[in-house]
Amino acid sequence: MIQLYDEARGTHIGEISEEELQLLIDQLEEESTRDTNYYISAPTIDMLEENGADASLVKLLRDALGGREGFELRWAAS
């Protein structure tokens, strides 16, 4: 499983599958092949949802976003 963290708050957001991580990798921009961070905003989540993201991943990201404009998401394999 893959653990997700809110980089700024230093909090654990939740757990996703390898398949859900692959969707993030395929859909979001990485600065390098070793990048494990993504900037997540409401439009980003909408795009992921439109491109087939699982409802549980969309909810997890929306809950983590809360009322903020965006946040830095970090993932780590467990």
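**Figure 1. Surroundings of Leu61.** Leaving aside neighbours within four places in sequence, Leu61 is in contact with Ile45, Leu48, Phe71 and Leu73, contact meaning heavy atoms within 4.5 Å. The residue sits in helix α3; helices (H or I, at least four residues) and strands (E, at least two) are DSSP runs, numbered from the N terminus. Leu61 counts as buried because its relative accessibility is 1%; buried means under 20% relative accessible area, exposed over 50%, and partly exposed in between (1.4 Å probe, protein chains only). Between Leu61 and Ala8, 53 residues apart along the chain, the C-alpha separation is 15 Å. The model is predicted: local features need pLDDT of at least 70 and side-chain atom pairs count only at pLDDT 80 or more, whereas totals for chains, interfaces and linings use all residues. Residues are numbered from 1 along each chain as its sequence is written, and side-chain values use heavy atoms, with hydrogens and water left out.

**Figure 2. The largest nonpolar core, with 22 residues**. Such a core is a set of buried Ala, Val, Leu, Ile, Met, Phe, Trp, Tyr and Cys residues joined through side-chain atoms within 4.5 Å. Leu4, Ile16, Leu24 and Leu73 have the most contacts inside this core. Two or more residues each come from β1 (2-6), β2 (11-16), α1 (18-27), β3 (37-41), α2 (42-50), α3 (55-65) and β4 (70-77). Helix α3 gives the largest share, six residues. Not counting residues up to four places away in sequence, Leu24 touches Ile16, Tyr38, Leu48, Leu57 and Leu73.

**Figure 3. The open sheet of four strands**. The strand order is β2-β1-β4-β3, with antiparallel pairing; two strands pair if DSSP finds at least two bridges between them. β2 and β3 are the edge strands, each pairing on one side only. From one strand to the next the twist averages 35°, where axes are lines fitted to C-alpha atoms, for helices over the stretch in contact, and angles run from 0 to 180 degrees between N-to-C directions. Five bridges join β1 to β2, and Ile2 stands opposite Ile16 in β2. In the hairpin of these two strands, which has four residues between them, Gly10 takes a positive phi near 70°. β1 and β4 are joined by five bridges, with Asp6 opposite Leu73 in β4. Five bridges also join β3 to β4, and Asn37 has Arg74 in β4 as its bridge partner. Four of the five residues of β3 are buried.

**Figure 4. Salt bridges of Asp6 and Glu7**. A salt bridge is a side-chain nitrogen of Lys or Arg within 4 Å of a carboxyl oxygen of Asp or Glu; the whole structure has five. Asp6 and Arg68 meet at 2.6 Å, N to O. This pair links strand β1 with the loop between α3 and β4, 62 residues apart. Asp6 is buried at 2% relative accessibility, and Arg68 is partly exposed at 22%. The closest N and O atoms of Glu7 and Arg74 are 2.8 Å apart. Glu7 lies in the loop between β1 and β2 and Arg74 in strand β4, so their salt bridge ties together parts 67 residues apart in sequence.

**Figure 5. Salt bridges involving Asp63 and Arg62**. Asp63 forms a salt bridge with Lys59, with 2.6 Å between the closest N and O atoms. These two residues are separated by about one helical turn because they are four residues apart in helix α3. Both Asp63 and Lys59 are exposed. Asp46, Glu49 and Arg62 are linked in a network of salt bridges.
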